[in-house]
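User: I am meeting this structure as a newcomer and would like to understand the reasons behind the terms used for it. Could each term be set against its criterion?

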Amino acid sequence: MKKTITLEAIDPIEIYGAGNRILEEFCTYFPGLKVVARGNQLMLEGKPTQIEEFGMRLGQLIERRHQRMNLTAYDVEDIFDGETSPDKFRTSGDAIIVHATDGKPIRARGKTQQELVKAYFENDLIFAIGPAGTGKTYVAIALAVRALKNREIKRIILTRPAVEAGERLGFLPGDLKDKLDPYLQPLYDALGDMIPSRKLGEFMADGTIQIAPLAYMRGRTLDKACVILDEAQNTNLGQLKMFLTRMGPNAKFIVTGDASQIDLPRREDSGLLKGISLLEGIKGIAAIRFASEDIVRHHLVTKIVKAFDSAQ
């Protein structure tokens, strides 16, 4: 099917964006649909259902342009993803946090993930602890991406204590980033599920999204940001205090970890559980505890975790 849409009473560049950037972003939501822009006309070729939705969504985008000075890629995302209010998260466990790059909605899976989502909107510091595979870090990153998309924050900062890398860093090829990137790969993977690769690259380049080892947080004040400390079981109490005291007045901090996977030379040096015991109960701080029943990976992972726990 072919169809031509004519933009009337509006300058096409206001919808297409400089260099057609907004139009290109818009078209990523219609794989398989051929779109050619010529002046104020858009020539479409593809399935009738896609063409119909394209026209409807384009109308929403034009209406949005009439309501504000200019459009950005965030506006395109809002048109397709919708904005879920904090109140809806508090009343519905089925609320969409954000959409994946393949268009699939990312929701909290299970009661404990839903508790994490609700705690995020009711507190500024959230601890999420529990075994591997429960999705605690993934949900935390999804919440951060949502906040960035909705302009609630200006930056996402993801950090890990580079314990496993340790002295072995010197034997790895490349500069410091090359040495640390493999260790930080799980964070890149989660972001890659939620942000198109080109946009993710832009965010990384301009500092909107930062991924760095915990040592790089010292001396900074992290404000207007969602800051996630992953693998926090590998911090001692002093490092955890250093991280938490980086919090600016308009920041959200999420700390995730698994107390059963401590990689420090002495397990008793881990400050995660000690820190939670010191801070839990303070208004604005929440601790969400995941269990093996919350694991959302392969069904065997739950049995593996239980088997190892029973041997300790």
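Analyst: Two strands are said to pair if DSSP finds at least two bridges between them. The model is a predicted one. One bridge joins Lys-34 to its partner Glu-45 in strand E3, and Ala-37 has Leu-42 of E3 as its bridge partner.

User: What makes E2 and E3 a pair, and which way do they run?

Analyst: Strand E2 (residues 34–38) and strand E3 (residues 41–45) are joined by 5 bridges and run antiparallel. Since at least two bridges are required, the two strands therefore count as paired. They form a hairpin with 2 residues between them, and Gly-39 in the turn has a positive phi of about 60°.

User: Which strands stand at the edges of the sheet that contains E2, and why?

Analyst: The sheet is an open one of 3 strands in the order E1-E3-E2, with antiparallel pairing. Strand E1 (2–6) and E2 each have a single partner strand, so one side of each lacks a neighbour in the sheet, and these two stand at the edges. From one strand to the next, the twist averages 20°.

User: What is the strand order of the sheet with 6 strands, and which strands are its edges?

Analyst: The order of this open sheet is E8-E7-E9-E10-E6-E11, and its pairing is parallel. Strand E8 (209–213) and strand E11 (285–289) have a single partner strand each, so one side of each is without a neighbour in the sheet; these are the edges. On average, neighbouring strands of this sheet are turned by 15° against each other, direction ignored.

User: How do you know that E7 and E8 pair?

Analyst: Strand E7 (residues 155–160) is joined to E8 by 5 bridges, and the two run parallel. The criterion of at least two bridges is therefore met. Among these strands' bridge partners are Ile-157 and, in E8, Gln-210. Helix H6 (residues 111–122) packs on the sheet and touches strand E6 (125–129), strand E9 (225–229), strand E10 (252–257) and E11. The direction of H6 makes about 170° with that of E11; an angle over 145 degrees counts as roughly antiparallel, so that term applies here.

User: Why is H10 called oblique to H11?

Analyst: The axes of helix H10 (residues 237–244) and helix H11 (residues 272–279) come within 8 Å and cross at roughly 55°. That value is not under 35 degrees, not over 145 and not within 65 to 115, so H10 is oblique to H11. The crossing of the two helices is right-handed. On the H10 side the contact is made by Leu-237, Leu-240 and Leu-244, and on the H11 side by Leu-272, Lys-274, Gly-275, Leu-278 and Leu-279. By class, the contact has 6 nonpolar, 1 polar and 1 charged residues. Gly counts as polar and Lys as charged, which accounts for Gly-275 and Lys-274.

User: What term fits the packing of H6 and H7?

Analyst: H6 and helix H7 (residues 136–149) pack at an angle of about 40°, with their axes 10 Å apart. Since that angle is neither under 35 degrees nor within 65 to 115, the term is oblique. H6 passes H7 in a right-handed crossing. In the contact, Gln-113, Leu-116, Val-117, Tyr-120 and Phe-121 of H6 meet Lys-136, Val-139, Leu-143, Arg-146 and Ala-147 of H7. These residues divide into 7 nonpolar, 1 polar and 2 charged.

User: What sets the phi values of Asn-20 and Glu-231 apart?

Analyst: Most residues other than glycine have a negative phi. Asn-20, however, has a positive phi near 60°, and Glu-231 has a positive phi of about 55° although it is not a glycine. Asn-20 is found in the loop between helix H1 (12–16) and helix H2 (21–27), whereas Glu-231 lies in the loop between E9 and H10.

User: Are Asn-20, Ile-96 and Gly-219 buried, partly exposed or exposed, and how do you know?

Analyst: Asn-20 has a relative accessible area of 33%. Partly exposed covers values between 20% and 50%, so Asn-20 is partly exposed. Ile-96, in strand E4 (residues 96–99), has 21% relative accessibility and likewise counts as partly exposed. Gly-219, in the loop between E8 and E9, has 65%, which is over 50%, and is therefore exposed.

Conventions. Residues are numbered from 1 along each chain as its sequence is written. This is a predicted model: local features need pLDDT of at least 70, side-chain atom pairs count only at pLDDT 80 or more; totals for chains, interfaces and linings use all residues. Side-chain values use heavy atoms; hydrogens and water are left out. Axes are lines fitted to C-alpha atoms, for helices over the stretch in contact, and angles run from 0 to 180 degrees between N-to-C directions. Helices (H or I, at least four residues) and strands (E, at least two) are DSSP runs, numbered from the N terminus. A crossing is left-handed if the near helix is turned anticlockwise from the far one by less than a right angle, and right-handed if clockwise. Contact means heavy atoms within 4.5 Å. Buried means under 20% relative accessible area, exposed over 50%, partly exposed in between (1.4 Å probe, protein chains only).
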